[in-house]
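Student: I would like a close look at one part of this model, namely the interior around a single strand and what surrounds it. Please take me through it carefully, in one connected account.

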Amino acid sequence: MKRIMFTGGGSAGHVTVNIALIPRFLEEGWSVEYIGSHEGIERELISAIPNVPYYPIATGKFRRYIDWQNVKDPFKVVKGVLQAYRLIRKRRPSVIFSKGGFVSVPVVLGAWLNKVPVIIHESDITPGLANRISIPFAAAVCTTFPETAAHLNRDKCHHVGAIIREDIRSGSAAKGKAFCGFTNEKPVLLIMGGSLGARKINKTIRQALSRLVERFQIVHLCGKGGVDTGISHPDYRQYEYINEGLTDVLAMSDLIVSRAGSNSIFEFLSLNKPMLLIPLTKEQSRGDQILNARSFENSGFCEVLYEEQMTADTLIDAIQHLFHNRKRYTAAMSEREAADTLPVVYELITGAAKQWNDK
Ligand SMILES: CC(=O)N[C@H]1[C@@H](OP(=O)(O)OP(=O)(O)OC[C@H]2O[C@@H](n3ccc(=O)[nH]c3=O)[C@H](O)[C@@H]2O)O[C@H](CO)[C@@H](O)[C@@H]1O
């Protein structure tokens with residue numbers, strides 16, 4: 001039986017691309033397995049998919065800052081490489097698909113030592129650290145943005161576009177309203193702080209809440225530990241994270257305020273949802289979300305509010321401005337030609353697997 005192993009984790013953004021691809025491989029009769037970390041979000045998300053065994057391995061973080069964990073983590077990475085090497089030797093996949101995140105580095109090295117081809121996917125304009133380390137060991141790199149080729153070995157690069165789960169358009173606004181218990185006709189504003197939440201956005205939304213609920217019903221995805229149980233209002237719903245049911249919540253939303261994580265913004269784009277993006281700052285990240293947000297802004301798909309300028313007042317102004325101009329954004333988004341990415345990526349991966357098997 002043809003076997004593919006997926007890897008990637010740490011944040012939902014590093015798993016959702018895999019979740020979009022896995023059904024295609026299962027439908028085509030492949031055996032699909034996943035290598036992730038012991039404690040990352042990927043464990044929970046992948047365990048919910050039937051027929052996909054999950055193998056946890058040790059993993060360490062590659063930090064840009066000083067932390068006592070920096071002493072321990074290289075040992076964890078070495079342990080992870082050994083575990084991944086043994087696992088891949090035993091399971092003998094014909095290809096590995098890596099979405100990135102720290103757990104993917106030991107897997108890519110384990111695959112390379114076993115001479116199993118690796119296909120990488122990069123969601124952002126500039127590659128993340130885990131992918132930068134992994135790319136020399138990979139057969140090919142799929143990119144979401146065409147600009148990414150400028151940062152990589154062009155021979156390995158394939159611009160495929162965003163890989164989005166196929167069910168993203170299947171949501172029902174009525175089910176979303178029932179899920180949230182919304183009963184009136186006010187427009188729905190979705191606040192999404194990225195899969196890991198966003199403390200500053202959460203705080204500012206709550207400062208602006210009494211004014212925002214006058215005009216909107218609000219769904220707030222706050223991230224782990226972000227729910228404030230002291231706030232209760234019939235037009236305000238808070239959740240740490242929604243897995244099942246997110247498509248319905250997206251279908252019901254009229255406007256979205258979000259971080260500029262690549263997967264989320266391409267999902268909003270595919271649904272033509274007017275969006276206000278608040279990218280992570282350069283201090284909080286490598287600046288990838290700023291580039292994502294600018295690219296969308298230049299295409300006329302979104303408005304951007306930089307965190308440094310965000311107060312309750314500027315946030316309310318920006319949301320109102322977006323609401324007034326929502327039709328312009330929806331029109332710009334619906335005019336673009338959306339690529340059918342999944343079949344292209346499927347061909348690329350199966351092509352690499354075939355070449356390896358034919359050797
Ligand atoms: C802090 C950090 O490192 N962020 C990075 C991380 O983003 P992060 O994982 O936060 O965000 P993304 O937007 O890329 O992906 C989030 C995914 O989670 C889903 N979702 C989110 C909330 C929820 O309640 N339910 C749910 O299903 C979204 O629909 C989306 O598919 O990876 C992205 C892609 O490499 C990068 O662009 C981000 O810069």
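Tutor: Two residues are taken to be in contact if their C-beta atoms, placed from the backbone, lie within 7 Å. The model is a predicted one, with an average pLDDT of 93 along the chain and 96% of the residues scoring at least 70, and it carries an ipTM of 0.96 and a pTM of 0.94.

With that contact criterion, Leu189 touches Leu212, Phe216, Ile218, Leu255, Val257 and Ile319, leaving aside residues up to four places away in sequence. Leu189 belongs to strand β8, and that strand, residues 188-192, is largely enclosed by the rest of the structure because 5 of its 5 residues are buried. The covering applies to both faces of β8, since Val188, Leu190 and Met192 on one side are buried, as are Leu189 and Ile191 on the other.

The pairing of β8 can be followed in two directions. Strand β9, residues 217-221, runs parallel to β8 and is joined to it by 5 bridges, with Leu190 standing opposite Val219. Strand β11, residues 255-258, also pairs with β8 in the parallel sense, here over 4 bridges, and in that pairing Ile191 stands opposite Val257, a residue that is also among the contacts of Leu189.

Leu189 also matters for the wider picture of the interior. The largest nonpolar core has 95 residues, and Ile119 and Leu189 are those with the most contacts inside it. Helix α1, residues 13-27, gives this core its largest share, 7 residues, and the core draws at least three residues from each of domain 1 (3-161 + 340-358) and domain 2 (169-335).

Ile119 leads to another set of strands, since strand β5 spans residues 118-122 and runs parallel to β4, to which it is joined by 3 bridges. In that pairing Ser98 has Ile120 as its bridge partner. On the other pairing of β4, strand β1, residues 3-7, is joined to it by 4 bridges, again in parallel, and there Thr7 has Ser98 as its partner. Strand β4, residues 95-98, has Val95 and Phe97 pointing one way and Ile96 and Ser98 the other, and all of these are buried.

Several annotated positions can be placed against this background. According to the UniProt record, an unreviewed entry, the annotation "binding site" covers Ser11, Ala12, Gly13, Arg165, Ser195 and Gln289. Of these, Gly13 lies in helix α1, and it counts as buried because 24 other C-beta atoms lie within 10 Å, where the cut-off for that label is 20 or more. Arg165 sits in the loop between β7 (157-159) and α6 (173-180), and it too is classed as buried, because it has 21 C-beta neighbours inside 10 Å. Apart from residues up to four places away in sequence, Arg165 touches Thr16, Ile19 and Ala20, and these contacts fall within the residue range of helix α1, 13-27.

Gln289, another of the annotated positions, is one of the buried residues of helix α10, residues 288-298, together with Asp288, Ile290, Asn292, Ala293 and Phe296. The elements that cover these buried residues include α9 (262-270), β12 (275-277) and β13 (302-304). After α10 comes Gly300, which has a positive phi near 80°.

Notes: Residues numbered from 1 in each chain as written. Predicted model: local features only at pLDDT ≥ 70, side-chain atom pairs only at ≥ 80, totals over all residues. Core = buried A, V, L, I, M, F, W, Y, C linked by C-beta atoms within 7 Å. Buried ≥ 20, exposed ≤ 12 C-beta atoms within 10 Å, placed from the backbone. Domains from an automatic or database assignment. UniProt positions renumbered as here; feature names shortened; annotations may be inferred. Pairing = 2+ DSSP bridges. pLDDT = per-residue confidence, 0-100.
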